[in-house]
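User: I want to go through this structure step by step. Please keep the answers short.
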2 protein chains.
Amino acid sequence: MLASWVPVPADSHFPLNNLPYGVFSTATSPLPRPGVAIGDSVLDLAAVQRAGLLSGPVLSAANNCFQQPVLNAFMALGRPAWAEARATLLRLLSADEGVLRDDVALRSRLLLPRSEVRMHLPAAIGDYTDFYASREHATNIGIMFRGRENALQPNWLHLPVGYHGRASSIVVSGTDVRRPRGQVVRGTAQPPVPSFEASAALDYELEVGCFIGPGNELGCPIPVERAAEHIFGYVLVNDWSARDIQRWEYVPLGPFTSKNFATSISPWIVTPDALEPFACSAPPQDDPQPLPYLRQRPGERTNYDIQLEVAIQPSSSSSGCSTEGGGGGSAGDAGGESSGQPTVVTRSNLRTMYWTLPQMIAHHTAGGCPLRPGDLLASGTLSCEGPLGAGCLQEATWGGSRPVRLGDGSERTFLLDGDTVVMSGYCQGEGYRVGFGECRGMVLPAAEL
Amino acid sequence: MLASWVPVPADSHFPLNNLPYGVFSTATSPLPRPGVAIGDSVLDLAAVQRAGLLSGPVLSAANNCFQQPVLNAFMALGRPAWAEARATLLRLLSADEGVLRDDVALRSRLLLPRSEVRMHLPAAIGDYTDFYASREHATNIGIMFRGRENALQPNWLHLPVGYHGRASSIVVSGTDVRRPRGQVVRGTAQPPVPSFEASAALDYELEVGCFIGPGNELGCPIPVERAAEHIFGYVLVNDWSARDIQRWEYVPLGPFTSKNFATSISPWIVTPDALEPFACSAPPQDDPQPLPYLRQRPGERTNYDIQLEVAIQPSSSSSGCSTEGGGGGSAGDAGGESSGQPTVVTRSNLRTMYWTLPQMIAHHTAGGCPLRPGDLLASGTLSCEGPLGAGCLQEATWGGSRPVRLGDGSERTFLLDGDTVVMSGYCQGEGYRVGFGECRGMVLPAAEL
């Protein structure tokens, strides 16, 4: 663990090694601006820039890149700017650097308690794309729909299947999510008779997303070997899904209202530089080999060993008890908690993802589609082997047929009103963690009609 | 036809009745800004506003809404602003109003020849959604894929099927479109073996799109009976599609790289006020009736009688001749043209569209998805009865099996490099037209690898 003069608790997701970017505001200074998380603090990058402390040549020439309510301008600058910013911030915050450490007045303006900030979306997201890159997930879903023999669709091993999501309904962690109404078919009448109802099969999807830095021009694909240069950083993504609405609407053009009511992301963008010590190769792709435009060097380390988990925290009221809970606190462990405590229902990892983010970028742009700074690409549900390896309830409960049990003794096939879904993820270093914090959202009852 | 002091040719799409909004620039004044088309001229709205001529109460309070390179701010203002702007512009440009007519200096600054302007995208498009609302189109595609008995999917008559498109690749009419490469399967080997190639089945899709004015908050659906208030205006849309790429990739999450390489729109947004005399009801929806959240009053006039056509104009070189062509000029008629002349391959109409734009808006937002000012919703391919009723080549050539013949004697199953697709559309009034102008794009060869 790199040593900082800012106190960093032992289990913090945000040691000096991390330095994730986000956008925040405070009650007394409500204008959203960029910051980096360090321990339990936030360093105000707009103020750091105004104080003249980002004095490297690249950022000096872009001296308003943090004077904005979103990170798009900084994202667009690319690796030279990111490397310079990281080097400068590592120095400013390192234990033996006195510029900020020893200037109480300056420090109190630039360094704020994380408990007092409100987080915002870190970027103006032009387009959002969601993939389907976990082989375990695609296989599980395929078995449920088509049986074990035909689990993977014929195209799945040849290309990273993806679809365009809805950018306007992406919300930052902490935003409540209202249960959607939509068309569902109850019963087995033929032909089917739909009704318009609140979804009874609201699900989470555990995903990791990446924000695009520099984009590409219309008509100019990004080669797979250059794709990593376009990745600004990573967040956790909960691609909330209403399975009953999805089942009825998705033929033939894919999910629409079953997904577009909300997508939550974690507020802190963890950079490739911070994740580099935890890079690993994806599972082998040799049966079949991808086509050349998707082929990476064998063993190329473009996945990351990120331990991911999802917990469901019931509202204390929904379990009939009056104990505290439902508020803050990180995801706990399963078994024996009192009501209102979170129960871990998924443990997964990005390392087993079959298609890598560079491959998704190469495929996305292969026909000439332009990516723009601030675009979000997400992995799709990340499932893996193991008893809690299912990345969504659809898989964990096998289509709602095998309820999962929470610590308070209650069961879930899908999410109930009042449930809070808490995703978290971190890389385990020797004596420290590089983490994402949380991506959290509570389910509100469907709106009155 | 309303009489204007600006000359309006008899067959113009832009008489005083129309007043469509667009964004333009000129060689001498390259900053894009809003304007309205009138005859062969463009009225510079930024300059009109700066001259103090938009003096009504709503626009006085929003006195920078046209000092921008996009129309989003004006779109967001809603009906009161739009009505005031239209009333003011109708007066300024009417034959008996001298303020501009008689002030040569002012007029020369504010009124520019349309031939000298360059058009831009009229809005920053946050999200783009494409529907599948023509029953004739869905039926034709269904017959090709599943036979006549099961042509329409079970959900099709219950909801306006739609999917999220790609906003970043929307281009304005006149932009060349590069043939995409992508994964395609040639031959019939089992299991299928894809290759990465330039699409050999590049198609157009004739659509009409609407730009959203005021949006809705996350979690707050727009009721179908209020949806029309959210429509700022309409454009022609060519949703270019690579059918061979689409066939292989679209299962199970819908079209992706087969569509996201380009979508062209016409530059002038025609308003509901201009189209009102041509409003008509959609086909009856009584077998089955839509669910209440989609139900409109019987006979409600929310479609429009817009005559739509598509012409293919081969490059003069591709037909082996050296005559002029391939440049400007409006779409001509079929039969007997010399090479390089356009041949009409589609004649359709918005009036037969089954699902209406208000229904699409209500469905889109039913689960709480927010629309934002400047979002684009498109109809999907508009096909209708009749010998040229197919809205795309996939239907017109029945999957490539029955080529269409162009005026130069050449045949097309799908588009060739050098072909220009020219869409146009207008409403026929008594002695005048309210039109959209053109949506045009030339196919460039696939990029070198």
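Analyst: One definition comes up front: the expected span of a helix is 1.5 Å times one less than its number of residues. Note that this is a predicted model.

User: What distance does helix 4 of chain B reach from its first C-alpha to its last?
Analyst: Helix 4 of chain B covers residues 79–93, which is 15 residues. At 1.5 Å a residue, 21 Å is expected. The span from first to last C-alpha is close to that, at 21 Å.

User: Which residues in helix 4 of chain B are buried?
Analyst: Buried means under 20% relative accessible area. In helix 4 of chain B, that holds for B:A81, B:W82, B:E84, B:A85, B:R86, B:T88, B:L89, B:L92 and B:L93.

User: Which strands of chain A stand at the edges of the open sheet?
Analyst: Five strands of chain A form the open sheet, with mixed pairing, in the order 9-25-24-19-20. An edge strand has a single partner, so one of its sides lacks a neighbour in the sheet. The edges are strand 9 (177–178) and strand 20 (343–349).

User: Which residue of strand 25 of chain A stands opposite A:V177?
Analyst: Strand 9 of chain A is joined to strand 25 (residues 433–444) by two bridges. The two strands run parallel. Opposite A:V177 stands A:V443.

User: What kind of axis relates the two copies?
Analyst: A turn of 180° and a shift of 0.0 Å along the axis lay chain A on chain B, with an RMSD of 0.0 Å. The copies are therefore related as by a two-fold rotation axis.

User: Which C-alpha of chain A is nearest the axis?
Analyst: In chain A, the nearest C-alpha lies 2.2 Å from the axis. The residue is A:G254.

Definitions and conventions: Residues numbered from 1 in each chain as written. Chains lettered and ligands numbered in written order. Predicted model: local features only at pLDDT ≥ 70, side-chain atom pairs only at ≥ 80, totals over all residues. Heavy atoms only, no water. Helix = DSSP H or I, 4+ residues; strand = E, 2+ residues; numbered from the N terminus. Buried < 20%, exposed > 50% of the residue type's maximum accessible area, 1.4 Å probe, protein only. Pairing = 2+ DSSP bridges. Least-squares fit on C-alpha atoms with pLDDT ≥ 70 in both.
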